[in-house]
Amino acid sequence: MQTPKEHTRREILQAAREEFIQLGFEKASMRTIAKKAKVSTSNIYNYFENKEHLLVEILNPILSGMEKAFLFISQPNYFEKRFNDSYENWKERFNIALDYVDANRDDFTLLLLKSQGSTLEDFPEKALTRFTKISFDQYQEFKAANSNFRGEVNEFVVRNILSFFLNIFVQMIRQNITKAEMLRYEDSFLKFLHYGYKGSIASDLN
């Protein structure tokens, strides 16, 4: 059973979510959030330090989910496993990501479209930079451990390949594309990624 404090905290978060989605982080008003939550403005600060703290708390589930994804792709030999994966395995991973984004569409809308003016407004760029570093470092380790591998690619190319992949989901949110529509498009995306990726990374492939 919720305590009064837990109930008030949840009411504040729900009111803040509605305000952020409607107006965006920058234009959202703490006074309006308090009014919607039926608390005084000063009482909000008993629970949250500021408006930024509210946004981060609301988005914490997907931020934590993204952190788990970074930990997963950072595991040893991940690059080699991914490079040798079949097309069907690529499709399976794509659908896991698609399901996750679709299930958390409101939060991703808030993160990608409504977070301007907060420390999260450049999250996509920071995520891409981190994704690129992990992938390129793994590529270099793989190449050093496999002397017969003749492929050659630089970090700029890796970044742009990954940017295309991440942008699929960014545009899904920006253009409000349904999961059903995405499933109709996925073969086109994945054939380009799967075969184009291997051709770019491994110049010795026929």
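This report walks through a nonpolar core, a pair of packed helices and two single residues in a predicted model.

Let's begin with the core. The largest nonpolar core has 56 residues, and the members that touch the most others are Ile12, Phe20, Ile33, Ile44, Leu54 and Leu59. Phe20 is a good one to look up in the structure: beyond its neighbours within four places in sequence, Phe20 is in contact with Phe25, Ala28, Ile33, Lys51, Leu54, Leu55, Ile58, Leu110 and Lys114.

Next comes a helix pair. Helix α4 (residues 51-73) packs against helix α7 (residues 105-113) at an angle of about 125 degrees, and their axes are 10 Å apart. The two helices count as oblique because their angle is neither over 145 degrees nor in the range from 65 to 115. Their crossing is left-handed. On the α4 side, Leu55, Ile58, Leu59 and Ile62 make the contact, while α7 brings Asp107, Phe108, Leu110 and Leu111. Sorted by class, this contact has seven nonpolar residues, one charged residue and no polar ones.

Finally, here are two residues to find in other helices. Ala97 sits in helix α6 (residues 87-103), and Met182 belongs to helix α10 (residues 179-201). Met182 counts as buried because its relative accessibility is 2%, under the 20% cut-off. Ala97, at 23%, is partly exposed. Leaving out residues up to four places away in sequence, Met182 touches Phe94, Leu98, Ile168, Met172, Ile177 and Phe189.

The table gives C-alpha distances for each of these two residues.

| Pair | Apart in sequence | C-alpha to C-alpha |
|---|---|---|
| Ala97 and Lys36 | 61 residues | 34 Å |
| Met182 and Ile33 | 149 residues | 35 Å |

Definitions and conventions
Residues numbered from 1 in each chain as written. Predicted model: local features only at pLDDT ≥ 70, side-chain atom pairs only at ≥ 80, totals over all residues. Heavy atoms only, no water. Core = buried A, V, L, I, M, F, W, Y, C linked by side-chain atoms within 4.5 Å. Buried < 20%, exposed > 50% of the residue type's maximum accessible area, 1.4 Å probe, protein only. Contact = heavy atoms within 4.5 Å. Helix = DSSP H or I, 4+ residues; strand = E, 2+ residues; numbered from the N terminus. Axes fitted to C-alpha atoms, helices over the stretch in contact; angles between N-to-C directions. Left-handed = near helix turned anticlockwise from the far one by under 90°. Nonpolar A, V, L, I, M, F, W, Y, C, P; charged D, E, K, R; others polar.
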